[in-house]
Amino acid sequence: MSKSPLSVAIVGCGRVAGHHCASINEANGVTLAGVCDLVSEKAKAYGEEFHIPFFTDYHQMLQDVPSIDIVAVITPSGMHHEHAIDIMERYRKHVVVEKPTFMRPGQMQDAYEVAD
């Protein structure tokens, strides 16, 4: 019996997003499900390159593609905590957060508590 691949989305289409998209796209057992950035041109570029849906609002992405299992948060560092907590609480998704993961130790504790 084969398992369905895990579905991964990316929030934040800055300079490292292409590396993340390519790595996910090439990995076994995962599939790239969507990308999101506030700058529509950035999201569209990755969406077209990888033939996936693209969004300017991660809330819309997570509503439109409910099969997403994991969200890679690669937004600016100061936004990691807000985005990761919101995605875990509101959408009950797993998150992978780009470094630096959070800016203060208390934010890490918040994330652990929400993830629990």
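**Notebook: backbone outliers, cores, pairings and helix packing**

I began with R92, which is exposed at a relative accessible area of 72%. The model I consulted is a predicted one. R92 sits in the loop between α4 and β5. I looked up its backbone and found phi near 55 degrees, a positive value in a residue other than glycine. I noted for context that most residues other than glycine have a negative phi, and that most peptide bonds are trans.

**Entry: further backbone exceptions**

I turned next to H51, in the loop between α2 and β3 (54–55). H51 has a positive phi of about 55 degrees although it is not a glycine. I then asked whether H51 is buried or exposed. Its relative accessible area is 70%, so I recorded H51 as exposed.

For peptide geometry, I recorded a cis bond joining K99 and P100, with omega about -10 degrees. I located P100 in the loop between β5 (94–97) and α5.

**Entry: the largest nonpolar core**

Which members of the largest nonpolar core touch the most other members? I found 20 residues in this core, and the ones with the most such contacts are V11, Y58, M61, L62, I68, V71 and I87. I then listed the elements that each supply at least two residues: β1 (6–11), β2 (30–36), α3 (58–64), β4 (70–73) and α4 (80–91). Of the contributors, α4 gives the most, with five residues.

Another core, of 14 residues, lies apart from that one; I noted C13, C21, F50 and I52 among its members.

I examined V11 in more detail. Leaving aside neighbours within four places in sequence, I found V11 in contact with C36, Y58, M61, V71, A72, V73, I74, T75 and I87. Several of these partners, including Y58, M61, V71 and I87, I had already recorded as core residues that touch the most other members.

**Entry: S7 and F50**

I looked up S7 in strand β1. S7 counts as buried because its relative accessibility is 6%, and the cut-off for buried is under 20%. Not counting residues up to four places away in sequence, S7 touches T31, A33, S67, I68, D69 and I70. I also took the C-alpha separation of S7 and F54: the two are 47 residues apart in sequence and 14 Å apart in space.

F50 lies in helix α2. I recorded F50 as buried, since its relative accessibility is 12%. With neighbours within four places in sequence left aside, its contacts are G18, C21, A22, N25 and L32. Of these partners, C21 is listed along with F50 in the core of 14 residues. I noted also that the C-alpha atoms of F50 and H81 are separated by 27 Å, the two residues being 31 apart along the chain.

**Entry: salt bridges**

How many salt bridges does the model contain? I counted two. Side chains of opposite charge can pair when their charged atoms come close.

In the pair K44 and E48, I found the closest N and O atoms 3.8 Å apart. The cut-off is 4 Å, so this pair qualifies. K44 and E48 are four residues apart in helix α2 (residues 40–50), which means that about one helical turn separates them. I recorded K44 as partly exposed, with a relative accessible area of 38%. E48 is also partly exposed, at 48%.

In the pair R90 and D86, the closest N and O atoms are 3.1 Å apart. These two residues are four apart in helix α4, so I again noted a separation of about one helical turn. Here I recorded R90 as exposed, with a relative accessible area of 52%, whereas D86 counts as buried, at 14% relative accessibility.

**Entry: α4 against α5**

Two packed helices are described by the angle between their axes and the distance between the axes. I therefore looked up both values for α4 and helix α5 (residues 105–115): the axes come within 10 Å and cross at roughly 10 degrees. That crossing angle makes α4 roughly parallel to α5.

Which residues meet at this contact? On the α4 side I listed H81, I85, M88 and E89; on the α5 side I listed Q107, D110, A111, V114 and A115. Sorted by character, the residues of the contact divide into five nonpolar, two polar and two charged. I closed by noting that H81, part of this contact, is the residue whose C-alpha lies 27 Å from that of F50.

Methods
Residues are numbered from 1 along each chain as its sequence is written. This is a predicted model: local features need pLDDT of at least 70, side-chain atom pairs count only at pLDDT 80 or more; totals for chains, interfaces and linings use all residues. Side-chain values use heavy atoms; hydrogens and water are left out. A nonpolar core is a set of buried Ala, Val, Leu, Ile, Met, Phe, Trp, Tyr and Cys residues joined through side-chain atoms within 4.5 Å. Buried means under 20% relative accessible area, exposed over 50%, partly exposed in between (1.4 Å probe, protein chains only). Contact means heavy atoms within 4.5 Å. A salt bridge is a side-chain nitrogen of Lys or Arg within 4 Å of a carboxyl oxygen of Asp or Glu. Axes are lines fitted to C-alpha atoms, for helices over the stretch in contact, and angles run from 0 to 180 degrees between N-to-C directions. Angles under 35 degrees count as roughly parallel, over 145 as roughly antiparallel, 65 to 115 as roughly perpendicular and the rest as oblique. Ala, Val, Leu, Ile, Met, Phe, Trp, Tyr, Cys and Pro count as nonpolar, Asp, Glu, Lys and Arg as charged, and the others, Gly among them, as polar.
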